[in-house]
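Hi,

Here's the structure I promised to pass on. Have a look at it first, and then read my notes underneath.

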Amino acid sequence: MSQSNLTALRTVQEKDLDLLLRWENDPEFMASADPHRAYSRVLLERYIQHAADDLFAAGQFRYIIEETRSARAIGHIDLYDLNTDHLRAAVGILIAEKKDRRQGHARRALELIQQRAFEEHRLHQLYAFVSKSNHASIQLFEGAGFSASGELKQWVFSADGHQDVFVYQKFHSS
């Protein structure tokens, strides 16, 4: 388990099934997911069985974000879309409950995942797609040293229509 003050990362476990089912199928969160589709209990059970697979074997890895004082799962952070030729991966993050947002958990989880990605997995680059209207995530990624490197017009579809996204990148400084 990786830990930083009040936030820890751990692998997905069977006890997380109901949380993942709720988070993955919540319309608020599905709007920012790609692809955005509902997940069944059976599919998530299978996913959990393989959750500890190596990042390089699976091409993705999800960590549960825990608030350390209570050991309560408050969200998840993912490395996905791994490209082993170019040593890069996308990062996605979710703090599920509004009461847990703006408490520093996402920032600390992002610091921990960067440490893992750059030092343990030897990746060269992390990137993220951030909705132009998601000001909290823009602040998060910019505060963590990511730079906006582009804008994709009408990239995601939501209840409000097609939305633009920024592409944020961070490179490992050797």
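Below is what I found, starting with the whole chain and then moving to one strand.

Just so you know, this is a predicted model. The chain has 174 residues, and 44% of them are buried. You'll find six helices and eight strands in it. If you walk along the sequence, they come in the order β-β-α-α-α-α-β-β-β-α-β-α-β-β.

Two more figures for the chain overall. It exposes about 9,800 Å², with carbon and sulfur atoms supplying 47% of that. And if you take the contacts with a separation of 6 or more, 57% are between residues 24 or more positions apart.

The part I'd look at next is strand β6, residues 125-131. Which strands does β6 pair with? One is β5 (residues 88-95), which runs parallel to β6 and is joined to it by three bridges. To find that pairing on screen, look for Ala90, which sits opposite Tyr127 in β6. Another is β8 (residues 161-171), which is antiparallel to β6, with seven bridges between the two. Here you can use Val130 as a marker, since it stands opposite Phe166 in β8.

There's a helix to add to this picture: α5, residues 105-120, forms a right-handed β-α-β unit together with β5 and β6.

So is β6 largely enclosed or open? Six of its seven residues are buried, with buried meaning under 20% relative accessible area. That's why β6 counts as largely enclosed by the rest of the structure.

Cheers

How values were computed
Residues are numbered from 1 along each chain as its sequence is written. This is a predicted model: local features need pLDDT of at least 70, side-chain atom pairs count only at pLDDT 80 or more; totals for chains, interfaces and linings use all residues. Side-chain values use heavy atoms; hydrogens and water are left out. Buried means under 20% relative accessible area, exposed over 50%, partly exposed in between (1.4 Å probe, protein chains only). Helices (H or I, at least four residues) and strands (E, at least two) are DSSP runs, numbered from the N terminus. Two strands pair if DSSP finds at least two bridges between them. A crossover is right-handed if, with the strands pointing away from the viewer, the path from the first strand over the helix to the second runs clockwise. Contact means heavy atoms within 4.5 Å. Accessible areas come from the Shrake-Rupley method with a 1.4 Å probe; for residues, only the protein chains shown count as cover.
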